[in-house]
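User: I would like to go through this structure with you before planning any bench work. Could we take it question by question?

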Amino acid sequence: MQALDIRPCQLDAKTLALRNEVREFVAEALKDYPAHERAKNWNGADPEFSRKLGERGWLGMTWPKRYGGHERSALERYVVLEELLAAGAPVNAHWIAERQSGPLLMKFSPDVLAPRLMPAIARGELLFCIGMSEPNVGSDLASVQTRAVKTEGGWVVNGSKVWTTGAHRCHYMVTLLRTGPRDDSNRHGGLSQLLIDMRAPGVTVRPIYNMLGEHDFNEVFLDDVFVPDDFVIGQPGDGWKQVGAELALERSGPERYLSSTQLYLEMLDAADPQNSRHSVSLGRVAARYAVLRQMSLGVAGMLARGDNPATPAALVKDQGALLEQSLPDLAHDLFGGTRQPGSRLDQVMRYLTQTAPSFSLRGGTREILRGIIARGLGLR
């Protein structure tokens, strides 16, 4: 059984000074950025903004200098993320590469892919997407059908991926696929991850538009795509182990409870100080934010100590999505009959009312997360 050892984590003076630096930068860089764009939070993408963060040394912050990093602490990185997310900055262009693909390469390809690619990630110039989900597979990643067959000097890949965020703008895709036979006694055997150049012959990207008409998701089709041996991440057969490490990084950050922050800020601006219902309801939200922030900081502390945060990270993600998804309903309850059409509050409410249902799907469904939590606590 894995203990939920989420200890309180305090920020030192250096980290607090960094927070002020980031806050001043964001206030200037996004001074004309509209509220309805801020509401997209970490789904908003601007490659130029990502390059500006790279120029300031705020990407790859914890990485070794040999990989283009800056050897700063996990808590300093956390503070930068927290300020960017609270401001609704457009960070999605570099998000996957910096959050999980770079650390993946550093751990499993430290002498081949990491030195070749990570410096450009840290500069905000190289963008990654993740090819995990497939049609007709759902959440059972062990059942992926995309296959790589060994050939001279590399592998030939055939198959497809779906719900691939940012594939239309990314340079590379970390791709989970099958390089060996499936063994019923070991469902996770034979899985590997290859790094696929999105400009390679045989790669086709088709958009998936969401209910708002936005293009963020994609289908990716792989037809006889050649991948050189150097672009195998780690060793063939390491795929499942790698996916587990990636998902822990994906579920533990402040993005897992700050996605609806712009709506909360708009509600605070619109609240009547003399209305006790407004004060009590919004105060309760502030208390939930405070608890989740301490939990998320605690997970950051675990990562800094080298502990395994899989169960606590799943808990933060599960409870964070509950908070995020509750805010549109609260906004309608408190301000539904009084907001002005076309106002900042109205625009943000409408946007998040339509997007919040997806928050419990991305990064693992609620059912999957609660299964992880139950297993970690020895309940199943």
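User: At what relative accessibility does Arg344 count as partly exposed, and in which helix does Arg344 lie?

Analyst: In this predicted model, Arg344 has a relative accessibility of 46%, and because partly exposed covers the range between 20% and 50%, Arg344 is counted as partly exposed. Its side chain meets that of Glu266 in a salt bridge, with an N to O distance of 2.8 Å. That pair links distant parts of the chain, 78 residues apart, with Glu266 in helix 8 and Arg344 in helix 11 (residues 344-355). The values asked for are therefore 46% and helix 11.

User: Is Glu266 buried or exposed?

Analyst: The relative accessibility of Glu266 is 4%, and buried means under 20%. Glu266 therefore counts as buried.

User: Which strand holds the Lys150 that meets Asp229 in a salt bridge?

Analyst: The side chains of Asp229 and Lys150 meet at 3.2 Å, N to O. The pair joins distant parts of the chain, 79 residues apart, with Asp229 in the loop between strand 7 (215-228) and helix 7 and Lys150 in strand 2 (residues 147-151). Asp229 is partly exposed at 34% relative accessibility, and Lys150 is likewise partly exposed at 45%. The strand that holds Lys150 is strand 2.

User: How many salt bridges does a search of the whole structure find?

Analyst: Side chains of opposite charge can pair when their charged atoms come close. One such pair is Arg123 with Glu125, which meet at 2.9 Å, N to O, while Arg19, Arg23, Glu82, Glu83 and Arg293 are linked in a network. Over the whole structure, the number of salt bridges found is 27.

User: Which helix supplies the largest share of the lining of the second largest pocket?

Analyst: The second largest pocket has a volume of about 160 Å³, and its lining divides into eight nonpolar, one polar and two charged residues. Among the lining residues are Glu82 and Arg293, which also belong to the salt-bridge network. Helix 4 (74-86), helix 8 (261-270) and helix 9 each supply at least two lining residues, but the largest share, four residues, comes from helix 9.

User: Which element of the chain has the lowest mean pLDDT?

Analyst: The chain averages a pLDDT of 90, and 96% of the residues score at least 70. Among the elements, helix 6 (residues 113-122) has the highest mean, 98, whereas the lowest, 74, belongs to helix 7 (residues 239-251).

Definitions and conventions
Residues are numbered from 1 along each chain as its sequence is written. This is a predicted model: local features need pLDDT of at least 70, side-chain atom pairs count only at pLDDT 80 or more; totals for chains, interfaces and linings use all residues. Side-chain values use heavy atoms; hydrogens and water are left out. pLDDT is the predictor's confidence in each residue, from 0 to 100. On a 1 Å grid over the protein atoms alone, a cavity is a set of points where a 1.4 Å probe fits but cannot get out, and a pocket is an open set with protein on both sides within 12 Å along at least five of seven lines; lining residues have an atom within 4 Å of a point. Grid points are joined across faces, edges and corners, and a volume is the space filled by probe spheres set on the points. Ala, Val, Leu, Ile, Met, Phe, Trp, Tyr, Cys and Pro count as nonpolar, Asp, Glu, Lys and Arg as charged, and the others, Gly among them, as polar. A salt bridge is a side-chain nitrogen of Lys or Arg within 4 Å of a carboxyl oxygen of Asp or Glu. Buried means under 20% relative accessible area, exposed over 50%, partly exposed in between (1.4 Å probe, protein chains only).
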